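Please consider the structure shown below. The paragraphs after it lead a new reader through it step by step.

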Amino acid sequence: MDLSHLSLAQAADLLRKRSLSAVELTRFFLERIATDNAALNAYITVDEAGALQAAQAADDRLARGEATPLTGIPLAIKDLFCTQGLRTTCASRMLANFHPPYESTVTRRLKEAGAVVLGKTNMDEFAMGSSNETSFFGPARNPWGHDRIPGGSSGGSAAAVAAGLCLAALGTDTGGSIRQPAAMTGITGLKPTYGRVSRFGMIAFASSLDQAGPMTRSVEDAALLLQTMAGHDPLDSTSIDAPVPAYWDDLTTGVPAAERVKNMRIGIPAEYFADGLAAPVRQAVEQAIATFQDLGAHCQPVSLPCTAYAIPTYYVIAPAEASSNLARYDGVRFGHRCADPLDLRDMYARTRSEGFGAEVKRRIMLGTYVLSSGYYDAYYRKAQKVRRLIADDFRAAFAQVDLLLTPTAPETAFRIGEKNDDPVRMYLSDIFTINVNLAGLPGLSLPCGFDEHPLPIGLQLIGRPLQEATLLAAGHAFQQATDWHQRRPS
Amino acid sequence: MSPPITSQSRYETVIGLEVHAQMRTRSKIFCGCATQFGAEANTQICPICAAFPGVLPVLNREVVNMAIKTGLAIQGQIRLLSEFSRKNYFYPDLPAGYQISQYELPIVEHGQLVIASPLDQGPKKIGITRIHMEVDAGKSLHEGIQGASWVDLNRTGTPLMEIVSEPDLRSAAEAGEYLKKLRAIVRYLGVCDGNMEEGSFRCDANVSIRLRGAPILGTRCELKNLNSIRNVMRAIDYEVERQIELIDNGDSVIQETRLWNADLNSSRAMRGKEDAHDYRYFPEPDLPPLRLTPERIAAVAATLPELPDAKAERFRTQYQLSDYDAGVLTASQELADYFEAVAQQAATLGQPNPKVAANWVMVELGGRLNKENWDIQQTPIPAHHLGQLVAMIQQGILSGKTAKELFEILFTEGGDPLQIVERKGLRQVTNSTAIEEAVDQVLAAHPEDVAQYHAGKTKVIGFLVGQIMKRTQGKANPALVNQLLQARLTRQE
Ligand SMILES: [Zn+2]
């Protein structure tokens with residue numbers, strides 16, 4: 001039996017019936033990681049001892065009949081969730097030996113449900129990148145083509161899920177960092193509404209945009225993880241205090257998704273199908289639109305006129321927040337410190353020069369510049385105004401439709417090294433996902449086809465605030481009607 | 001040095017004060033750590049204080065309530081929507097690399113304080129531009145450490161209120177009055193202990209001068225390291241003289257921050273305008289905007305105590321005290337409470353005379369406490385004992401002299417006032433036979449003075465009274481002594 005591509009529900013079922021133990025399942029993945037991770041570089045840290053210990057505890061819990069559907073499920077965690085006692089690097093030299101004395105709320109909730117953490121996955125340094133190439137630990141590779149990027153910044157999590165090096169993974173998404181790699185690797189990725197999931201213990205890139213979410217092989221699996229991850233957290237003042245629907249139960253035992261998608265109004269924003277969209281991506285997404293129509297949904301054109309301003313707006317706000325968020329890496333209390341500093345200034349300068357990679361430094365400089373006296377109004381304040389206009393665009397569209405359907409990324413996975421010399425071209429990878437973060441909306445990426453290589457293509461569903469359930473229902477109906485999500489790399 | 005500015009001077013002094021008041025909450029502003037002073041270095045910290053990766057601030061409700069309270073006490077407008085911002089700069093005792101503060105939208109705006117102006121001789125309104133909440137930094141330790149510095153983060157996260165005045169103050173004396181008044185208010189409210197020496201009530205002064213009547217402000221200098229009201233006043237006077245001298249010599253004032261040195265009684269430039277930080281303020285994304293409801297503000301308003309001005313007004317009417325006495329007695333909540341307890345005790349004993357009570361609290365007790373360098377909370381005499389003392393003066397049981405004797409015993413040894421009076425025989429002699437005896441003895445002993453009196457030198461009567469009091473060991477009622485002596489002398493004529 002190939003355990004590597006079990007759905008979470010199947011695995012939970014096997015565990016509950018005791019036809020498989022959590023320790024066996026965990027060992028299975030640890031062995032796969034031992035064999036395959038060298039080629040993919042999906043994990044930065046594998047916690048064999050911790051995973052087996054958690055698996056044993058899960059088995060005990062299963063034996064006591066106190067299990068949740070996540071008890072004994074082996075997960076991979078993006079290496080920016082702080083895990084108590086387990087090295088958390090953010091893929092940076094700055095934190096290469098950082099062991100947090102606390103646990104992020106999201107990982108704590110999953111662990112409390114009995115999930116097993118296999119290890120910490122590769123990513124772009126401090127989540128700044130769209131290709132996983134800015135990692136201090138080297139790029140993660142795409143299981144569909146090892147010379148290709150797995151997307152970023154949650155590239156390691158995406159590669160691990162696609163290659164079957166875990167059952168599911170956690171990612172974070174600031175401008176597309178869950179959805180774009182999900183699209184690049186043919187998996188399902190959900191960025192919840194800003195505030196739906198606690199940010200406590202998630203190492204901050206851009207605080208007003210960062211959001212954690214599941215990266216899985218199906219919508220159903222994503223629903224199961226979200227159900228446990230979501231909810232108000234007194235430790236995060238920006239988390240939303242609203243009831244958490246039983247996403248997974250509703251999807252599997254409520255009104256069938258196929259029923260719910262009937263008569264759903266789906267908006268197709270014209271601005272997302274302009275020049276620059278690769279032909280195979282356009283074809284696959286248009287085919288997906290046809291599928292939704294076959295399912296009984298009404299697809300209609302809508303307009304989001306401010307779409308073009310997303311990239312410049314994002315590249316003011318996100319670096320501004322990052323420049324401040326990353327000021328704490330000063331060599332004083334934790335993390336890297338340069339050798340033999342001459343004085344305080346020298347310690348700051350060399351610690352940060354040595355500790356941060358080029359892309360992080362670029363964004364710190366960008367952010368410092370846009371917040372500077374004399375430039376603040378022209379950049380930061382203006383960007384905040386445009387951000388509101390972008391959110392207004394979505395509000396207007398959602399007056400007409402229930403959700404929006406777009407490509408997740410303009411093209412399929414590019415070659416490692418291909419865009420390293422041109423940051424702006426790299427930034428365009430996120431052109432379809434960034435707006436969703438700026439507006440704080442939920443977005444779901446689903447596999448919807450392949451190009452000629454073949455490399456996976458993703459479509460994105462965007463919903464109203466806190467309407468994750470609608471996205472999940474539509475996505476689940478799509479996956480029941482298609483098998484793109486079941487394709488595996490050879 | 002030029003002579004100090006007087007009301008006749010060509011120049012006018014313009015001062016604005018920024019006060020940082022540490023709020024007396026039990027826990028810090030953004031985490032649950034304790035705010036107590038004096039703990040061993042870095043023992044009152046957590047990952048949030050130390051700005052570890054991924055941790056987030058959570059605003060302490062009590063801090064907001066205290067800021068609202070203070071805003072209401074200075075008649076400010078409480079904003080229903082305010083926000084926190086980040087003030088970015090690198091310093092080892094600022095762990096996050098930014099201070100969370102309020103910038104564009106502070107919680108309180110447009111307040112005011114009325115001071116008794118020493119120059120204008122009348123009440124004067126001083127505008128308070130804003131009050132905002134912010135977080136204190138830690139402490140860097142350099143002394144006695146070779147080739148390194150140490151950082152203590154215990155203070156990091158202590159809530160502060162920054163209270164910014166308009167440039168309405170016109171002299172060091174006014175600045176002193178303003179600070180005393182503000183300190184009294186925050187102490188009345190219990191939001192700050194007002195201790196300048198320990199740094200829980202810190203003041204920076206912005207000082208400029210201009211030709212009297214000039215429409216625009218002169219270039220200002222910011223004075224720092226002022227750790228007492230006296231130092232604030234001295235530093236302002238020094239700065240005014242320095243600026244006058246510069247201008248009179250044809251130089252101009254350069255905008256800069258100057259550090260006051262109390263030992264040298266002078267200040268030195270710390271940094272110029274060009275070295276000023278670019279703090280890159282922007283709204284704190286980890287905290288949603290702070291929204292208040294009128295109901296919440298009303299609930300806080302209901303907890304406001306009677307404030308110094310209102311209390312002084314009440315003391316004037318209820319106790320018939322002078323402006324001066326009412327002002328002195330309401331300088332602190334504790335002193336005012338003490339006075340009221342003394343007055344009440346005296347009244348309970350059927351001898352209400354608040355003026356006498358006020359004198360005993362301000363002059364006798366105040367002077368004695370001063371000598372010991374104690375404040376009213378440290379008084380060894382409970383208010384009801386002093387009240388009994390005052391009542392006994394009114395009842396004629398004690399004379400001025402014996403009352404002081406009793407006071408000294410109460411201050412140094414304590415005990416029940418009535419028992420002390422009996423034990424020490426302090427009860428005033430009101431028996432006229434005993435006094436008449438003493439009068440006769442004194443007149444017999446001083447015939448030449450009696451003769452002088454009859455010759456018209458009535459001044460000697462003071463001497464004779466003194467002798468009689470001496471003979472009765474100060475226990476005779478002076479009024480009675482006078483009366484009997486006059487009667488006897490008249491009879492002799
Ligand atoms: Zn703390």
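The text that follows treats a metal site, an interface, several charged pairs and two single residues.

This is a predicted model, in which local features need pLDDT of at least 70 and side-chain atom pairs count only at pLDDT 80 or more, while totals for chains, interfaces and linings use all residues. Residues are numbered from 1 along each chain as its sequence is written, chains are lettered from A and ligands numbered from 1 in the order in which they are written, and side-chain values use heavy atoms, with hydrogens and water left out.

The metal site comes first. Four sulfur atoms coordinate the zinc ion at 2.2 to 2.3 Å, namely the SG atoms of B:Cys31, B:Cys33, B:Cys46 and B:Cys49. Donors here are N, O and S atoms within 2.8 Å of the metal (3.2 Å for Na, K and Ca); water is not among the atoms, so sites may look incomplete. Along the chain, the donors of the zinc ion follow the spacing C-x1-C-x12-C-x2-C. Both B:Cys33 and B:Cys49 lie in the loop between strand 1 (11–22) and helix 1 (61–73) of chain B, so the pair ties together parts that are 16 residues apart in sequence. Helices (H or I, at least four residues) and strands (E, at least two) are DSSP runs, numbered from the N terminus. The angles among the four donor atoms of the zinc ion run from 102 to 120°, and the site is tetrahedral. Four donors count as tetrahedral if all angles lie between 85 and 135 degrees; four count as square planar and six as octahedral if opposite donors are over 155 degrees apart and all others between 65 and 115; anything else is irregular. B:Cys33 counts as buried because its relative accessibility is 11%, and B:Cys49 is likewise buried, with a relative accessible area of 6%. The term buried means under 20% relative accessible area, exposed means over 50%, and partly exposed lies in between (1.4 Å probe, protein chains only).

The next topic is the interface. Chain B gives 30 residues to the contact and chain A gives 41, where contact means heavy atoms within 4.5 Å. Between them the two chains bury about 2800 Å², with 59% of it on carbon and sulfur atoms. Of the area that chain B buries against chain A, 22% is supplied by B:Pro53, B:Phe90 and B:Arg280, more than by any other three residues. Buried area is the accessible area (1.4 Å probe) that two parts lose on being put together, summed over both.

Which charged residues pair across this interface? The rule finds two salt bridges between chain B and chain A, each a side-chain nitrogen of Lys or Arg within 4 Å of a carboxyl oxygen of Asp or Glu. A:Arg381 forms a salt bridge with B:Glu104, with their closest N and O atoms 2.7 Å apart. Across the interface there are also 17 residue pairs in polar contact (both at pLDDT 80 or more). A polar contact is a pair of N or O atoms within 3.5 Å; within protein, one must be able to donate a hydrogen and the other to accept it, and residues adjacent in sequence count only if both atoms are side-chain atoms.

A search of the whole structure finds 51 salt bridges over all chains. One of them joins A:Asp147 to A:Arg415, the closest N and O atoms being 3.3 Å apart. This pair links distant parts of the chain, 268 residues apart. A:Asp147 is partly exposed at 37% relative accessibility, and A:Arg415 is partly exposed at 41%. In chain B, the side chains of B:Arg258 and B:Glu256 meet in a salt bridge at 2.6 Å, N to O. B:Arg258 is buried at 7% relative accessibility, and B:Glu256 is buried with a relative accessible area of 15%.

Two single residues complete the tour. A:Ser92 lies in the loop between strand 2 (74–78) and helix 4 (105–112) of chain A and is buried, with a relative accessible area of 0%. The side chain of A:Ser92 reaches the backbone nitrogen of A:Met94 at 3.0 Å. B:Val64 is found in helix 1 of chain B and counts as buried at 1% relative accessibility. Leaving aside neighbours within four places in sequence, the contacts of B:Val64 include B:Leu59, B:Ile107 and B:Met133.
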